[in-house]
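Reader: I would like to learn how to read this structure feature by feature, with the general idea put before each case. Could we begin with how the copies are arranged?

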There are 4 protein chains.
Amino acid sequence: MASQFGTKVKVSIFGESHGAAIGVVIDGLPAGEAVDLDTLARFMARRAPGQGAHTTSRREADQVQVLAGLTGGMTNGAPFAAVIENINTRSGDYQGLMDTPRPGHADYTAYVKYGGHNDIRGGGHFSGRLTAPLCIAGGIALQILARRGVQIGAHIASIHGVCDAPLDFANPDLDALSRAAARPLATISEDAGVRMLAEIEKARESQDSVGGVIECVAAGLPAGLGAPMADGVENRIAAAVLGIPAVRGIEFGAGFAAAGMTGSEHNDPFIMENGRVRTATNRHGGVLGGITSGMPLVFRAAVKPTPSIAREQDTVSLVSGTPAKLAVHGRHDPCIVPRAVPCVEAATAITLLDLWEEGV
Amino acid sequence: MASQFGTKVKVSIFGESHGAAIGVVIDGLPAGEAVDLDTLARFMARRAPGQGAHTTSRREADQVQVLAGLTGGMTNGAPFAAVIENINTRSGDYQGLMDTPRPGHADYTAYVKYGGHNDIRGGGHFSGRLTAPLCIAGGIALQILARRGVQIGAHIASIHGVCDAPLDFANPDLDALSRAAARPLATISEDAGVRMLAEIEKARESQDSVGGVIECVAAGLPAGLGAPMADGVENRIAAAVLGIPAVRGIEFGAGFAAAGMTGSEHNDPFIMENGRVRTATNRHGGVLGGITSGMPLVFRAAVKPTPSIAREQDTVSLVSGTPAKLAVHGRHDPCIVPRAVPCVEAATAITLLDLWEEGV
Amino acid sequence: MASQFGTKVKVSIFGESHGAAIGVVIDGLPAGEAVDLDTLARFMARRAPGQGAHTTSRREADQVQVLAGLTGGMTNGAPFAAVIENINTRSGDYQGLMDTPRPGHADYTAYVKYGGHNDIRGGGHFSGRLTAPLCIAGGIALQILARRGVQIGAHIASIHGVCDAPLDFANPDLDALSRAAARPLATISEDAGVRMLAEIEKARESQDSVGGVIECVAAGLPAGLGAPMADGVENRIAAAVLGIPAVRGIEFGAGFAAAGMTGSEHNDPFIMENGRVRTATNRHGGVLGGITSGMPLVFRAAVKPTPSIAREQDTVSLVSGTPAKLAVHGRHDPCIVPRAVPCVEAATAITLLDLWEEGV
Amino acid sequence: MASQFGTKVKVSIFGESHGAAIGVVIDGLPAGEAVDLDTLARFMARRAPGQGAHTTSRREADQVQVLAGLTGGMTNGAPFAAVIENINTRSGDYQGLMDTPRPGHADYTAYVKYGGHNDIRGGGHFSGRLTAPLCIAGGIALQILARRGVQIGAHIASIHGVCDAPLDFANPDLDALSRAAARPLATISEDAGVRMLAEIEKARESQDSVGGVIECVAAGLPAGLGAPMADGVENRIAAAVLGIPAVRGIEFGAGFAAAGMTGSEHNDPFIMENGRVRTATNRHGGVLGGITSGMPLVFRAAVKPTPSIAREQDTVSLVSGTPAKLAVHGRHDPCIVPRAVPCVEAATAITLLDLWEEGV
């Protein structure tokens with residue numbers, strides 16, 4: 001299992017949903033960077049469970065305990081380490097899952113890979129709970145990048161077909177994204193958020209779940225970050241974002257829509273603006289040849305509907321090799337898109353800081 | 001610049017479009033694997049330029065010279081190395097590009113990153129020509145994987161909105177994919193291929209270009225390959241496939257469509273078949289929690305329209321800082337999707353072999 | 001700062017000497033391996049401070065708290081994480097060190113590298129205390145390797161010129177090494193240990209310190225582990241062992257003595273023994289061409305005298321740029337060789353397990 | 001097999017002694033660095049075979065053909081690639097070695113690891129000939145480092161007990177090292193060189209071989225390069241230098257001698273000199289806590305006697321499992337220390353450039 005990533009800023013995430021604690025080690029943070037723990041806590045709160053009707057009823061304070069790496073509130077050059085204790089665990093909910101794997105979950109694949117030794121409680125290390133340490137790392141990266149003029153923000157582009165107001169890729173309204181972050185659902189349009197909540201509520205009532213799309217922007221990046229082929233900004237971002245459970249696809253700039261365009265429709269003309277080269281439009285999403293162009297980085301990630309649903313589903317008994325029925329009880333979000341928004345921002349921030357520090 | 005990738009099977013690609021040669025080193029191939037150079041040549045031929053009206057008129061034999069790593073036709077445990085000499089170069093075509101960057105190309109971003117030291121001729125190291133060494137590595141990986149029961153095939157799912165016949169994700173017709181590979185365009189439906197060629201021809205005539213979507217399948221994979229988070233199969237495949245120039249997005253299984261589904265629609269029920277666990281449907285695309293489920297791996301990649309178009313475009317002069325006009329002459333494919341099909345197969349094969357050898 | 005290492009079994013060490021806690025994350029341990037925490041505690045105890053006249057008077061229980069990675073006493077495939085709380089810290093001892101760097105310590109180099117942001121208390125992340133998490137990782141690796149038939153043991157070959165009894169490289173007496181591990185100093189000859197203790201006591205009385213050499217053996221390794229060049233067993237072992245603070249050199253088999261030999265003296269003849277290929281002698285130290293030969297792996301590491309000495313030394317004031325005097329008070333071992341013995345075993349075990357799991 | 005190394009500046013070496021060609025790819029060189037191929041050729045010539053009585057009679061022009069990575073004589077940001085064709089191969093010399101492995105060589109371990117698929121001719125990928133591509137990479141790194149004020153030089157400290165004049169670690173005479181590089185043997189004392197040559201000649205006459213020690217200095221390094229633990233300068237240098245065939249040990253600064261010293265003897269006092277912090281002596285060899293101190297980096301590497309000797313040796317037949325006799329004919333150096341000197345410089349230069357570019 002490989003929950004370490006990064007080249008210069010190396011993140012190592014650990015923990016199981018119902019284990020003693022979850023946490024993160026970050027090796028390679030630049031020294032002398034202030035880390036404001038209150039700002040971090042506010043960022044973490046956006047991901048925390050138990051915030052509304054659309055989220056799991058599991059309550060976790062998600063208090064971040066810093067163990068190492070800060071001296072006087074600043075990074076000291078040594079690895080940063082922090083843990084979150086797991087408190088509100090109800091493992092009884094998960095008995096029997098080792099035998100009857102939940103559709104859409106990693107129960108079966110983990111069983112095969114780890115020979116049945118994996119921690120099945122709450123999904124163990126596969127749990128969405130492991131995005132909390134990701135958000136610790138991302139929250140710190142966001143603070144460092146902000147001081148370098150980089151602002152990262154994401155919104156819910158759609159949930160089960162209900163769409164948010166569109167973003168102008170060439171001149172994204174960052175204030176609108178900030179306001180979105182403060183809403184119950186991170187939408188630019190308040191009205192869209194209300195309609196999405198209704199969609200989620202409808203799914204919950206029918207013992208079902210819904211998916212959606214998250215759109216993320218990083219503005220203020222210098223031109224020249226990244227490299228062609230393996231170290232392209234897209235490759236790195238994709239590798240990080242697809243590590244968030246439930247993400248099923250990612251597209252940059254015009255993305256899949258580009259496949260239906262002509263070159264003359266898709267190419268972004270270069271222009272001069274205030275003595276600086278930029279493009280008039282931003283269908284390239286801020287990356288050309290794997291390297292940032294100085295235009296906003298824009299991408300979208302598809303999030304599948306929560307696989308845990310109370311409705312009865314078909315599965316098999318691994319022990320007896322016969323068909324079985326399963327209704328997932330536990331405590332689950334009928335839609336994980338809202339809580340995945342800060343996770344996408346976090347994965348993006350970590351990746352960009354890594355590329356920046358690496359000088360790639 | 002980082003054109004090395006892989007953890008156990010490490011690929012290092014080098015060369016510039018108009019330099020002396022392009023090539024690849026592969027470190028970590030298992031020893032004792034037969035490599036049939038004729039089979040490799042046939043695979044390479046699917047990517048080679050100069051095959052029809054829809055491709056560049058540049059002709060390159062793309063003769064693979066093996067320098068190291070084979071003894072008696074088998075891998076000998078030492079790094080494999082091969083080169084392809086560049087013969088048919090016409091660098092005069094590219095003069096002036098350092099000053100007036102081509103829209104949609106890496107000219108500007110490379111200029112910024114490498115301080116103007118990059119080889120601009122034919123796009124230098126950013127050229128699609130660098131997918132030839134990728135196909136050498138991929139062609140070898142395909143031969144090794146085939147002996148392990150893994151078959152990888154891709155087809156053109158669409159070009160500029162013209163769609164191929166759909167694949168059954170749970171039971172993909174691999175023979176249909178083999179037949180597709182032998183056609184002028186790699187489509188399952190011959191008729192769709194004819195209509196796509198017409199689309200491409202129309203683009204060429206209007207001095208424009210078109211994009212498309214490639215769908216790829218890897219069947220016969222064992223359950224248990226991959227890992228959660230950073231080493232998920234999706235993350236690795238995405239990082240490799242997004243390294244192919246012009247790929248703008250990737251989605252696994254139901255992909256972006258999953259965002260519009262409910263959990264009960266999206267979850268694939270587990271079933272027993274011939275004493276083996278599988279899923280009745282395959283919306284998960286063969287990967288759950290980053291780990292292969294034993295079902296076919298299925299993904300789609302979006303390819304943008306060729307940015308090089310003969311039509312006049314707006315750009316800027318980097319030297320004078322003033323607006324400029326540019327018509328890209330050179331020799332270019334009005335649609336690179338057809339030649340990108342084997343590249344997608346190659347990137348997939350390398351990644352899967354790497355994961356397999358790594359034991360991840 | 002990079003305190004992460006390993007390719008398949010990836011170790012990430014964190015903490016500062018006087019911070020909240022020190023700890024380790026191990027990613028990539030094979031699943032289903034029993035980890036006996038009592039055995040681990042006994043191994044840790046060999047490194048723990050406060051054991052005798054020759055060690056620091058700092059007392060730390062070094063209680064290992066496992067946070068993740070074990071289910072029912074077995075590795076569960078997820079990252080293992082454990083912490084040790086720092087209790088007995090007396091940071092006042094270290095005031096002023098930021099201005100007047102201690103000779104032989106990393107105070108000055110860390111100051112330059114981290115711009116004065118590093119945690120100076122007790123050496124911060126540079127402290128020998130950070131070998132405790134190394135020993136957690138190593139102790140687990142030792143348990144796993146033992147089940148595969150590999151036994152790792154080290155002894156103190158010399159302290160300040162006083163030598164232990166020699167080992168037979170071709171047929172090392174592993175029982176003698178086990179007995180050594182149980183002695184106050186890990187020597188094969190009890191008498192040598194007594195004389196070494198006297199050497200250490202003499203150093204302590206004269207407010208000075210002494211160094212020594214540690215010799216380590218890994219028996220039971222299969223032939224075929226490792227690879228030429230960068231992934232040679234020697235390269236990997238050296239990189240790990242030189243990461244232990246105070247190690248200044250490493251040599252394999254005959255080592256530096258080989259430089260004074262002829263080929264006919266140094267080459268080890270191959271012989272058959274019980275139907276198995278081995279060598280009659282073992283001057284090659286168990287590695288040929290970077291690959292294990294099946295003979296015992298043997299190497300020696302040189303450990304410098306503890307740089308912290310109570311005697312007054314010359315240094316400079318970084319603030320005023322003028323000469324200064326310094327006497328290091330704090331609590332320090334007059335000889336760190338004894339406590340470094342399990343650290344060398346730990347570094348060796350981690351490296352060998354990594355190579356094994358990696359299949360290199 | 002893993003012949004790739006480096007983190008930011010990644011070197012990938014390929015080739016077999018008697019294959020078509022040997023070569024190197026370097027990914028991550030900074031762009032805009034002039035590479036003088038004549039200077040490189042002169043550096044390569046110091047390693048080339050066939051230079052005197054003490055070297056193999058194999059003659060190779062070792063003409064470096066650059067395939068990629070240079071534009072107008074400067075690095076262009078893309079991977080650098082170069083090959084050397086193998087011309088003067090006499091593979092007949094090596095028949096039978098697959099059955100009767102040569103003592104002291106990797107024949108047996110490679111046979112086990114690669115299941116007999118390895119290229120046995122001339123040692124295949126294990127041949128000392130593979131240090132030629134290492135020297136290409138090192139020669140380029142030396143040129144880049146020289147422009148940053150870093151000078152790297154090595155000399156033969158001893159051969160079979162005959163010692164060169166000592167170096168002053170705190171103020172090494174770099175001119176003396178330059179003069180040494182131009183001598184038949186790279187010694188500071190011409191007389192020592194003459195006596196060493198006599199030692200080598202004596203070995204050759206008795207169908208034997210001799211080993212020696214190489215001492216290397218890197219002066220002009222800034223303080224602050226490297227990191228504690230895994231990324232210490234010592235760890236990185238050791239990993240690279242131990243990758244040179246026949247190196248059996250490495251020590252930094254006082255090295256193994258430090259084991260016999262007291263702390264007061266070994267610690268280097270800090271002093272101010274021309275407003276700059278340095279140490280009065282340099283027993284620490286320029287590295288404290290894994291980080292450069294600004295003092296010259298000094299280390300020594302032990303090189304074993306050439307294992308190929310014409311004298312008859314005992315071995316076994318792998319096929320029949322019976323004892324066998326072997327006399328190695330082929331063409332071999334009775335002492336490889338002289339030709340290993342530039343290899344040590346090369347490995348050092350590559351490692352330091354990698355650390356520098358990485359910002360570690």
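Reader: What rotation, and what shift along its axis, superposes chain D on chain C?

Author: This is a predicted model, in which local features need pLDDT of at least 70 and side-chain atom pairs count only at pLDDT 80 or more, while totals for chains, interfaces and linings use all residues. Residues are numbered from 1 along each chain as its sequence is written, and chains are lettered from A and ligands numbered from 1 in the order in which they are written. Two copies of a chain are related by a rotation about an axis and a shift along it. Here a rotation of 180 degrees with 0.0 Å of shift along its axis brings chain D onto chain C, with an RMSD of 0.0 Å, the fit being by least squares on the C-alpha atoms of residues with pLDDT of at least 70 in both copies. The two copies are thus related as by a two-fold rotation axis. Both use the same surface, since 100% of the contact residues of chain D recur in chain C.

Reader: How many residues does each of chains D and C bring to their contact?

Author: Two residues are in contact if their C-beta atoms, placed from the backbone, lie within 7 Å. By that criterion chain D contributes 89 residues and chain C 90 residues. The chain D side that touches chain C comprises 44 nonpolar, 35 polar and ten charged residues, where Ala, Val, Leu, Ile, Met, Phe, Trp, Tyr, Cys and Pro count as nonpolar, Asp, Glu, Lys and Arg as charged, and the others, Gly among them, as polar.

Reader: Which strands of chains C and D are joined by bridges, and in which sense do they run?

Author: Strands of a sheet pair through backbone hydrogen bonds, either parallel or antiparallel. Strand β11 (residues 247-252) of chain C is joined by three bridges to strand β11 (residues 247-252) of chain D, and the two run antiparallel; C:E251, for instance, stands opposite D:G249 in β11(D). Two strands pair if DSSP finds at least two bridges between them, and the elements themselves are DSSP runs numbered from the N terminus, helices being H or I of at least four residues and strands E of at least two.

Reader: Which elements of chain A supply its side of the contact with chain C?

Author: In this contact 38 residues of chain A meet 38 residues of chain C. Strands β2 (10-15), β3 (21-27), β4 (65-68), β6 (74-75) and β7 (80-85) of chain A each supply at least two residues of that side, which divides into 15 nonpolar, 18 polar and five charged residues. Chain A, too, is superposed on chain C by a rotation of 180 degrees with 0.0 Å of shift along its axis, at an RMSD of 0.0 Å.

Reader: In what order do the five strands of the open sheet in chain A lie?

Author: The order is β1-β2-β3-β7-β4, with antiparallel pairing. Its edge strands, each pairing on one side only, are β1 (4-5) and β4 of chain A. Between β4(A) and β7(A) there are three bridges in the antiparallel sense, and A:A68 has A:A81 in β7(A) as its bridge partner.

Reader: How many of the eight residues of strand β10 of chain A are buried?

Author: A residue is buried if 20 or more other C-beta atoms lie within 10 Å of its own, exposed if 12 or fewer, and partly exposed in between, with C-beta atoms placed from the backbone. In strand β10 (residues 212-219) of chain A, seven of the eight residues are buried, so the strand is largely enclosed by the rest of the structure. β10(A) pairs antiparallel with strand β8 (residues 151-159) of chain A over eight bridges, and with strand β16 (residues 297-303) of chain A over seven bridges, again antiparallel. A:I159 has A:G212 as its bridge partner in β10(A), whereas A:C216 stands opposite A:F299 in β16(A).

Reader: Which residues of helix α1 of chain B are buried?

Author: An α-helix has 3.6 residues a turn, so residues three or four places apart point the same way. In helix α1 (residues 37-47) of chain B the buried residues are B:L40, B:F43, B:M44 and B:R47. Seen down the axis of α1(B), they fall within an arc of 100 degrees, so they line one face of the helix; the arc is that of the directions from the helix axis to the C-beta atoms. These buried residues pack against α3 (131-147) and α8 (337-358) of chain B.
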